[in-house]
Amino acid sequence: MSRNLTVVLHDRPGELARLGEVLGDAGVNLRGLAAFTGEGNGIIHLLVEDEDADRATKALHDEKIGLADDREVLVIDIHDRPGTLGEMARELAAANVNIELAYTTFGGARVVIATDDLENARAALA
């Protein structure tokens, strides 16, 4: 099982480095990442394996790094060719699954999906 941790940082130099160092020192291996800035904040989505989630959340808490969300996500192998995203999203839409978050992982053609309906999403993509 994979988890998405949503972290809120200040939008200033060195914050992403601090986050990476804190998690690295805690032995947390990042499997994917998406980062955005706006209104003075950095919103960082971190993909971690379930066995690393507790260590990650403890390390973030100890360093007073804001954890806004921790949720189970699907990590889906996709074909690396034009149109794959549309096909996958259409399958989920046909199952009435709303995609709340999507980003890619490190290494390979894989996409991370967060939704409030994981059961139907899994069934639609099986």
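Is R3 buried or exposed, and what is its relative accessible area? R3 is buried, at a relative accessible area of 15%. Here buried means under 20% relative accessible area, exposed means over 50%, and partly exposed lies in between (1.4 Å probe, protein chains only).

The views below show a predicted model, in which local features need pLDDT of at least 70, side-chain atom pairs count only at pLDDT 80 or more, and totals for chains, interfaces and linings use all residues. Residues are numbered from 1 along each chain as its sequence is written, and side-chain values use heavy atoms, with hydrogens and water left out.

**View 1. The salt bridge between R3 and D70.** The structure holds eight salt bridges, a salt bridge being a side-chain nitrogen of Lys or Arg within 4 Å of a carboxyl oxygen of Asp or Glu. In this one, the side chains of R3 and D70 meet at 2.7 Å, N to O. The pair links distant parts of the chain, with R3 in strand β1 and D70 in strand β4, 67 residues apart. Strands (E, at least two residues) and helices (H or I, at least four) are DSSP runs, numbered from the N terminus. R3 is buried, whereas D70 is partly exposed at 31% relative accessibility.

**View 2. The surroundings of S2 in strand β1.** Strand β1 covers residues 2–10, and S2 belongs to this strand. S2 has a relative accessible area of 11% and is therefore buried. Leaving aside neighbours within four places in sequence, the contacts of S2 are L47, V48, E49, R71, E72, V73 and V75. A contact requires heavy atoms within 4.5 Å.

**View 3. The salt bridge between E72 and R122.** The closing distance between the two side chains is 2.4 Å, N to O. Because E72 lies in strand β4 and R122 in helix α4, the pair ties together parts that are 50 residues apart in sequence. Both ends have some accessibility: R122 is partly exposed, with a relative accessible area of 40%, and E72 is partly exposed at 24%. E72 is also among the contacts of S2.

**View 4. The salt bridge between E15 and R18 in helix α1.** The closest N and O atoms of this pair are 3.4 Å apart. Both residues lie in α1 (residues 15–25), three residues apart, or about one turn of the helix. E15 counts as buried at 6% relative accessibility, while R18 counts as partly exposed at 27%.

**View 5. Strand β6 and its pairing with β4 and β5.** Four of the five residues of β6 (residues 110–114) are buried, so this strand is largely enclosed by the rest of the structure. Strand β4 (residues 66–77) runs antiparallel to β6 and is joined to it by four bridges. Strand β5 (residues 101–104) is likewise antiparallel to β6, with four bridges. Two strands pair if DSSP finds at least two bridges between them. Among the bridge partners, L74 is matched with I113 of β6, and L101 with A114 of β6.

**View 6. The β5–β6 hairpin and T105.** Five residues separate β5 and β6 in the hairpin, and G107 in the turn has a positive phi of about 75°. T105 is in the loop between the two strands. With a relative accessible area of 9%, T105 is buried. Not counting residues up to four places away in sequence, T105 touches R31, G32, L47, V75, R110 and V112.

**View 7. The two faces of helix α3.** T84, M88 and L92 are buried in α3 (residues 84–94). Seen down the helix axis, the buried residues fall within an arc of 65°, so they line one face of α3. The arc is that of the directions from the helix axis to the C-beta atoms. These buried residues pack against β4, β6 and α4 (118–125). R90 and A94 are exposed, on the face turned away from the buried side. N96 follows α3 and has a positive phi, near 60°.

**View 8. A nonpolar surface patch of V8, F36 and I43.** Together the three residues have about 230 Å² of accessible area, computed by the Shrake-Rupley method with a 1.4 Å probe, where for residues only the protein chains shown count as cover. Patches are made of residues with over 30% relative accessible area and no salt bridge, with like charges joined within 9 Å and nonpolar side chains (Val, Leu, Ile, Met, Phe, Trp, Tyr) within 5 Å. I43 lies in strand β3 (residues 41–49) and is partly exposed.
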